[in-house]
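Hi,

Here is the structure I promised to pass on to you. Please have a look at it first, and then read my notes underneath.

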Amino acid sequence: MKYIAIDLGLKRIGLAYSAHKDLVTPLPAIIRKNRNQASQEVKKVLKEWEVETIVIGIPLGGSSEDEMRRRISHFMNLVDFQGEILYQDEAGSSLEAENMMKGEIKYVRDGRIDSISAMIILQRYLLSIKNK
């Protein structure tokens with residue numbers, strides 16, 4: 001099974017890839033200029049990596065969950081992905097990603113944090129299905 005995790009943000013879209021359950025690789029983030037450009041770039045990545053399942057980070061149970069689901073649905077309609085789309089709680093993933101990066105690089109808004117966050121989201125999902 002080939003997965004891509006998406007950490008969907010308004011400025012950057014973090015991406016991470018896994019073809020098997022033990023290794024998740026962050027991919028270069030997409031800098032979002034507008035939603036059409038961003039959805040086309042995501043579509044290109046999904047095709048290039050022959051992805052079957054997308055795992056999208058979402059703040060589960062929070063006051064913004066419904067609004068985020070609506071935004072994600074709208075964005076994914078633009079991507080026009082035919083595979084399975086799953087949701088994974090993203091609570092704390094950005095903070096965890098920032099902590100992983102501390103001391104490694106200066107905090108640059110180039111999308112690395114976003115893709116590490118996507119990696120954490122995908123690792124959480126893969127761990128949850130492994131433990132079932």
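Below are my notes on the sheet, the helices and the cores.

First, the ground rules. This is a predicted model, in which local features need pLDDT of at least 70 and side-chain atom pairs count only at pLDDT 80 or more, while totals for chains, interfaces and linings use all residues. Residues are numbered from 1 along each chain as its sequence is written, and side-chain values use heavy atoms, with hydrogens and water left out.

**The sheet.** Five strands make an open, mixed sheet in the order β3-β2-β1-β4-β5. Strands here are DSSP E runs of at least two residues, and helices are H or I runs of at least four, numbered from the N terminus; two strands pair if DSSP finds at least two bridges between them. β3 and β5 (84–89) are at the edges with a single partner strand each, so one side of each has no neighbour in the sheet. From one strand to the next, the twist averages 25°. β1 and β2 run antiparallel and are joined by six bridges; in this pair, isoleucine 6 sits opposite leucine 15 of β2.

**The helices.** α2 packs on the sheet, where it touches β1, β2, β4 and β5, and its direction makes about 145° with that of β4. Axes are lines fitted to C-alpha atoms, for helices over the stretch in contact, and angles run from 0 to 180 degrees between N-to-C directions. α4 lies across β1, β2, β3, β4 and β5, at about 40° to β2. Its buried residues (under 20% relative accessible area, 1.4 Å probe, protein chains only) include Ile113, Ala118, Met119 and Leu126. Their cover includes the five strands β1, β2, β3, β4 and β5 as well as α3 (93–101). Arginine 112, in α4 (residues 112–130), is partly exposed (between 20% and 50%) because its relative accessible area is 38%.

**The cores.** A nonpolar core is a set of buried Ala, Val, Leu, Ile, Met, Phe, Trp, Tyr and Cys residues joined through side-chain atoms within 4.5 Å. The largest has 22 residues, of which Ile4, Ile6, Ile13 and Met76 touch the most other members. Its largest share, five residues, comes from α2. Beyond four places in sequence, isoleucine 6 is in contact (heavy atoms within 4.5 Å) with residues including Ile13, Val42, Ile54, Met76 and Ala118. Another core, apart from the largest, has 17 residues, among them Leu86, Met119, Ile120 and Leu122.

Best wishes
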